[in-house]
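Could you walk me through the empty spaces and the helix and strand packing of this protein? I would enjoy a friendly round of questions and answers.

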Amino acid sequence: MTQLFPAEATQRQIARELYAHARDLPIISPHGHVDPALLANDEPFPDPARLFVVPDHYVTRMLNSQGIPPSRLGVPSVDGSEVETDGRAIWRLLAANWHLFRGTPSRLWTEKVFAEVFGISAAFNSGTADEIYDEISARLAEPEYRPRALFTRFNIEVLATTESPIDDLAVHAKLAADGWGGPGGRVITTFRPDNLVDMEWAGWAHRVAELGALTGHDVGTYPGFLAALKARRELFVAAGATSSDHGHPTAATADLSPADAALLYRKGLGGAADAGDAETFRAHMLVEFAAMSLDDGLVMQLHPGSVRNHNRSLYDRHGRDVGGDIPSGTEYVRALRPLLDRFGDDPRLRIVLYTLDETAFTRELAPLAGGYPALYLGAPWWFLDSPEGLRRFRETVTESAGFYNTAGFVDDTRAFCSIPARHDVARRIDAGYLARLVAEERLPLDEAAETIADLAYHLPKKVFRLDGSE
C-alpha cells in the first residue's frame, strides 16, 4: 500500500523501500493523554460511539463548527444540561456528517482504524452506519479487543500517560503490580504540573494546599512549595516517569531571585496576583523545573501557544479539553533566553520544544535546536499533526537542525485505538521526505534507511531516556 507516498514514480518506489525499515518497529509513545485506567481495568470498550466520538475533540469540534453541539455527541456536561446517551444515535449523527471530514487527518486516522484494527472495508456513511456500528460492537465484545490485548497487538513498547503532581498514581501502581511497568510493554506516567504553577487556573490555591497535605511540606512558604514539588517528582520517577510536561500559554521563562519568587508566590496565595504576576510566576517555574531536571533527570517538554478555552460557552457547558482551544503566535528566541542562559549548554538537561506556530520552525526553533545541546524539536502536534503538517516540519527544520536534534514522533492522543494509525502516518511521511533526498542524490539510500528507523524508534527512546541512558 502506497498511501501518502510521493506521486512521482521513482520517489514512490524509494519511499516504499524505506518505509519497510520502519513499518514493523515497536511504537514509542512518550507523550499522550490516554487514561491509564483504561489499561489498568482492562474492561471492554462500551460502544463504538464512546470509543471514536465522545472522547475525541478533533471530531466533536468539527461537528460543533457546523452547529452540532457536543451535547448531541454524548460529551458530558458540567452545567447539568442533558446530553445524548444513545451510542447508536451518536454514531448515526457522525455518519450523516462524515463529509465534513474530507481531507482532514481525523478521517484518515479513523478510516485506518476501521480497516486495520477492525477489518472494515466498507465506506462509512449513513447507509452503512448501522452495519459498521454492529460489526465494531461485536468485535469489542471479544477478548482480543480489550485494551491490554490491543496494546500488545499494536506493538506498543512504551506508552506515557499524563498526571498532575497531586494525582495519587494508584492506577500506575496497579499497572506495575500487574506487570505493566517493565520491559515488553510499559505504561509510565508523566509529571504535568500546570495546575500547580498557573495562578490563573481556578482553584490554584486549593490545589497547592492539597500538595502540602499530600507531601507534608509547608506550602505556605515558597521553599516549602518547591520542596513539595520535588518530593512528588521523586515519586513520579519511582513510578517510571522519564519526562515532565509543561503546557504554558507562552514560552516565557524568567530567572527570579529567591526573594522575588517568594514575594510573588505569597501574592498569589493571598489572591492579589494579576495576569502579569501569573505569567511571571509560570515563566520562573520553568527555570525552577529545569534546575530540578538536572537532579532527577526528567526530560522537559514545553508546548506553549494554545489559547485555552477560547470558546467560552463551550467551556461553560462542557469544561476543558473538548475542542475550545485555539493556537496563537508564539515567540521563542527572547522568551527562552533566561532559561537557556542558565542551562542551555548543560548536557544533563533535555528540553523538547513543540509549537502550534509553524512560522517559528525556520525562524526560531530550528536554529535554537541547532545551537543548544539541551534543546530538541518536538514533533508537530495537535493542529499540525497531519500529513501536510508533518511534511512541512521536515522541510522547514532539517536544513538548520538536522534529523538528530528532533525527538521523533509523538501521537499526543486520548484516542487509544488511533495510536498505531498516527505513528504509521508519520512513518509514511518520513519515508516520502527521505525518498526525495535519495532521489535528488542528497542522501545515500543506506543512510536514509538508518535515519527512518532512528526517527521512528531509536531517537524517541534516546531523547526521552526510555533506553536507560543518562
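The questions below concern a predicted model, and they go from its sheet and helices to its cavities and a pocket.

Q: In what order do the four strands of the open sheet lie?
A: Happy to start here. The sheet is open and its pairing is parallel. Its edge strands, each paired on one side only, are β4 (243-246) and β9 (375-377). Reading across, the order is β4-β5-β8-β9.

Q: By how many degrees are neighbouring strands of this sheet turned against each other on average?
A: The figure ignores strand direction. Taken that way, the average turn between neighbours is 25 degrees.

Q: Which residue in β8 is the bridge partner of Gln 301?
A: Strand β5 covers residues 299-302, and β8 covers residues 351-353. These two strands pair in the parallel sense over three bridges. For Gln 301, the bridge partner in β8 is Val 352.

Q: At what angle does helix α14 run to β5?
A: Helix α14 spans residues 275-296 and lies across β4 and β5. Relative to β5, the helix runs at about 155 degrees.

Q: Is α11 roughly parallel or roughly perpendicular to α13?
A: Take α11 as residues 204-215 and α13 as residues 258-269; their axes come within 9 Å. The axes cross at roughly 110 degrees. Angles of 65 to 115 degrees count as roughly perpendicular. Therefore α11 relative to α13 is roughly perpendicular.

Q: How many residues of the contact of α11 with α13 are nonpolar?
A: On the α11 side the contact has Trp 204, Ala 205 and Val 208, and these meet Tyr 265, Gly 268 and Leu 269 in α13. Gly counts as polar. The contact holds one polar residue and no charged ones, and the nonpolar count is five.

Q: Which element gives the largest share of the lining of the largest cavity?
A: The structure holds three cavities of 30 Å³ or more, and the largest has about 110 Å³ of space. Its lining includes Leu 51, Asp 56, Trp 109 and Phe 416. Two elements, α3 (48-52) and α6, give two or more residues to this lining. With four residues, the largest share comes from α6.

Q: How many charged residues are in the lining of the largest cavity?
A: By class, this lining has seven nonpolar and three polar residues. The charged class adds one.

Q: Which elements each supply at least two residues of the lining of the second largest cavity?
A: This cavity has about 80 Å³ of space. Among its lining residues are Pro 380, Phe 393, Arg 394, Ile 429 and Asp 430. By class, the lining divides into seven nonpolar, one polar and two charged. The elements that each supply at least two residues are α18 (387-401) and α19.

Q: Which element gives the most to the lining of the second largest pocket?
A: About 400 Å³ of space lies in this pocket. Of its 20 lining residues, Arg 23, Glu 116, Phe 154, Pro 420 and Asp 424 lie nearest the centre. Two elements give two or more residues, namely α6 (105-116) and α19 (419-439). With six residues, the one that gives the most is α19.

Q: How many charged residues does the lining of the second largest pocket have?
A: The lining includes 10 nonpolar residues and two polar ones. In the charged class, where Asp, Glu, Lys and Arg are counted, the number is eight.

Definitions and conventions: Residues are numbered from 1 along each chain as its sequence is written. This is a predicted model: local features need pLDDT of at least 70, side-chain atom pairs count only at pLDDT 80 or more; totals for chains, interfaces and linings use all residues. Side-chain values use heavy atoms; hydrogens and water are left out. On a 1 Å grid over the protein atoms alone, a cavity is a set of points where a 1.4 Å probe fits but cannot get out, and a pocket is an open set with protein on both sides within 12 Å along at least five of seven lines; lining residues have an atom within 4 Å of a point. Grid points are joined across faces, edges and corners, and a volume is the space filled by probe spheres set on the points. Two strands pair if DSSP finds at least two bridges between them. Axes are lines fitted to C-alpha atoms, for helices over the stretch in contact, and angles run from 0 to 180 degrees between N-to-C directions. Contact means heavy atoms within 4.5 Å. Angles under 35 degrees count as roughly parallel, over 145 as roughly antiparallel, 65 to 115 as roughly perpendicular and the rest as oblique.
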